[in-house]
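Dear colleague,

I am passing on to you the structure we spoke of, since you will be working with it from now on. Please have a look at it first, and then read the notes that follow.

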Amino acid sequence: MGGGEKDKETKINLANADSSAYSQSSQTNSQAKNQANPSNSSTPSTSATSAAAMANVGIEPQKEKKEIEIVKLFRKYGLFINSGAIEELKEKNLETILEIIKKLKELHKEDMAIVSETELKEVTQEIKLPGFADISRPSDFRPLAKEFGHDFKIHTERDITGKSKCGGDIDDFVKNVNDRFMRIKSILESRPSHNQVVKLERAKSQVGELIRVIGMVMRKNVTKKGHLSLEIEDETGTLFILILKDDKEAFEKANKVIKDDIIAVDIKVGTNFCMAKDITWPDMPVKAKKTIEKDLSIAFVSDMHIGSKYFCDKEFERMIKWLNGMGPHKEIAEKIGYILMAGDVADGIGNYPKQENDLVVKDVFEQYKLAQKMLELIPDHIKIIMIPGNHDAVRLAEPQPALKEEMIGKLPNVISIGNPGFANVEGLEVILYHGVSLGSITANVPGLTPAKPEEAVVELLKRRNLAPIYDENDIAPEHSDYHFIGNCDMINTGHMHKNGYTEYRGSVVVTSGTWQWLTEYQVKQGHVATPCVLPIYNLKEGRIVHLNFAEEQIKIL
Ligand SMILES: [Fe+2]
C-alpha cells in the first residue's frame with residue numbers, strides 16, 4: 001500500500017452489515033510500520049493500528065474478498081482459522097477482529113495454532129442469538145398445526161413439582177422401595193403362569209415342587225464354575241437361586257438381570273438350593289402403535305446446554321428459523337404442533353470437573369435469559385413441554401421439580417413440568433424423561449451401547465421403571481415411585497446426546513440428540529453424539545424423520 005494522501009483516503013470495509021462500523025481512517029505508512037508490524041509484536045494493538053494492519057496485509061474493500069482477508073490477517077499473526085470461525089468473524093468490524101486476535105495470541109503463545117468457532121466463542125464470551133428482526137416468516141408458510149390447535153393434558157398427579165415429601169431418612173427409603181416393589185409385583189402376579197406364586201418365606205419348604213417367586217434382586221454373582229446366582233428379597237424374606245450355565249435360555253435371561261430388578265422366577269425347589277427355570281420381567285403389554293386423524297407432528301429438542309462454548313448457536317438459530325418457515329422442507333415444519341424438550345436446557349455450573357473452562361456464560365441466570373430469548377422465537381402455535389435435566393437449575397436427585405418461572409420465564413406456549421414428566425398429547429400417553437439412568441443401565445445390561453440409547457430405553461420399558469438401579473442413580477426417596485412406567489405410547493429421553501428411534505410393543509421410543517458439540521470431558525467419557533439433528537414424529541403416519549441442521553444445507557437424513 002502506498003503512503004501520503006492516498007493512504008489517508010483508504011477506507012476498510014470488511015463486512016456487509018454496517019459499513020460505517022467497518023470504516024477506519026487510515027494512518028501514514030510510517031505509523032503503520034511502527035504500530036502494526038506483527039513480526040515485531042505478537043499481539044496486535046487495536047483501532048489505532050487497524051488501518052495500518054489492514055494495509056499491511058493488503059485488505060481490500062470488496063465484500064467478496066473478506067473471507068480471504070480474514071485468513072490473511074490471522075496468518076499475519078501466526079494463526080490459522082477454520083471456516084466456522086471465519087463465518088462468525090465476517091459480521092464483525094475490524095477493531096473487534098483485532099481485539100479477538102489479541103486475546104487469541106494471549107492463549108496461543110506458539111504460532112500456527114488453528115482457531116475454531118468454539119474457541120472464538122470462548123474469547124468473545126458471546127453466544128450468537130437470532131433476533132426477531134432476523135425472522136421473517138415467508139408468505140408461503142402456512143402452518144397446518146395452527147389450525148388444529150392443541151389437545152393435551154399434563155398428568156400433574158405424577159409430577160413431583162411442589163409435592164416432595166422425603167427428608168432422606170430410613171422410613172422414606174422403606175416407603176419408596178415398598179411402593180416400587182408393590183407396583184411391579186402386582187403386574188408380575190397378573191402375568192399368566194402354570195406355576196403357583198409363592199412368597200419367599202414359604203418357598204424353601206416346597207422341596208421338589210416347581211413354583212414361581214417374585215422378588216427384588218439384592219445380589220447377582222458368578223460362581224467358580226461359571227453358573228450365575230441371584231439373591232432375591234420380598235416382604236417376607238430372601239432366597240438364593242442358582243442358574244446353570246448349561247440351561248442356555250434361563251442363563252441368557254439371567255445375564256440381563258441387574259441389581260434392584262423386580263422379577264418373577266420360576267424355580268425348582270431343591271433340598272440345598274433352588275434352581276431357576278425361567279425369568280420374567282414385568283414388561284409392557286403388547287399393543288398396536290397409536291396413530292391419530294390430525295396431520296400433526298411432534299419435534300424433539302433436548303440437551304441444548306445453553307451457556308456452553310460448545311452450544312451450537314448458529315445451528316440452533318438455523319433450526320428456529322426453519323420452524324418459522326425459513327428454509328427447505330416447509331411441508332414438514334408446517335405440521336409441527338409440539339416440541340418435547342427432554343432437559344439440559346442450560347449448561348449450568350459445577351456439573352463436571354473444570355466445567356468453568358467450557359462456559360461462555362458463567363452465570364446460570366444469564367444462561368436461562370438466553371434460553372428464554374431463544375424460546376420466544378419459536379412460533380406460538382408450537383406448544384413446548386419442557387422438563388429439566390441434570391445440568392438444569394433444580395435439585396439433582398430425581399424426580400426433579402419443574403424449572404421455575406424465575407429461571408425459564410413465562411411464555412404462553414411453554415409448559416415447564418418435572419422430570420420425569422407424564423402427559424397425554426393428542427390421545428397418546430407420553431413419557432418425558434431426561435435419561436440419567438440410561439448410563440447405568442447401559443453399563444450393566446450386556447449388549448447395550450451408548451451409540452444406541454433407544455435400546456437402553458427399551459430395557460427401561462421391560463422393567464416398567466425409568467431408573468431401575470437404585471444405588472447407581474441419584475434418586476430422592478419419595479413415598480411414591482415417580483419412575484414407574486404405566487401406560488406408554490411414546491417415550492422421549494435425552495442425556496445421551498445421541499439420536500435414536502425404535503418401536504417396542506406399540507410404544508414409540510425417541511432419543512433426541514443434542515445441540516452441543518462434544519466437550520473434551522465427553523470425549524474422555526467415550527460419548528457418542530449426534531449434534532444438531534432434529535427428530536420429528538408425525539402422529540398421523542406414525543413415522544419419524546430426522547433433519548440435519550449441522551450444515552448450511554438443511555437435509556433429511
Ligand atoms: Fe446433556
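The protein chain holds 19 helices and 20 strands, and please keep in mind throughout that this is a predicted model. Of its 557 residues, 43% count as buried. Among the contacts in the protein chain with a separation of 6 or more, 70% are between residues that lie 24 or more positions apart.

I looked at one helix and one strand in some detail, beginning with helix 7. Helix 7 covers residues 94-107, and because each residue should add 1.5 Å, its 14 residues are expected to span 20 Å, which agrees with the 20 Å between its end C-alpha atoms. The buried residues in this helix include Leu94, Ile97, Leu98, Ile100, Ile101 and Leu104. These residues cover an arc of only 160 degrees around the axis, and they therefore lie on the same side of helix 7.

The strand is strand 7, residues 262-269, which is mostly covered, with 6 of its 8 residues buried. Strand 7 pairs with strand 4 (residues 210-222), to which it is joined by 7 bridges in an antiparallel arrangement, and here Leu210 stands opposite Lys268 of strand 7. Strand 7 also runs antiparallel to strand 8 (residues 274-280), with 6 bridges between the two, and in this pairing Val269 is found opposite Cys274 of strand 8. The connection from strand 7 to strand 8 is a hairpin, which passes through 4 residues.

With best wishes

Technical notes:
Residues numbered from 1 in each chain as written. Predicted model: local features only at pLDDT ≥ 70, side-chain atom pairs only at ≥ 80, totals over all residues. Expected span 1.5 Å × (residues − 1). Buried ≥ 20, exposed ≤ 12 C-beta atoms within 10 Å, placed from the backbone. Arc of directions from axis to C-beta. Pairing = 2+ DSSP bridges. Contact = placed C-beta atoms within 7 Å.
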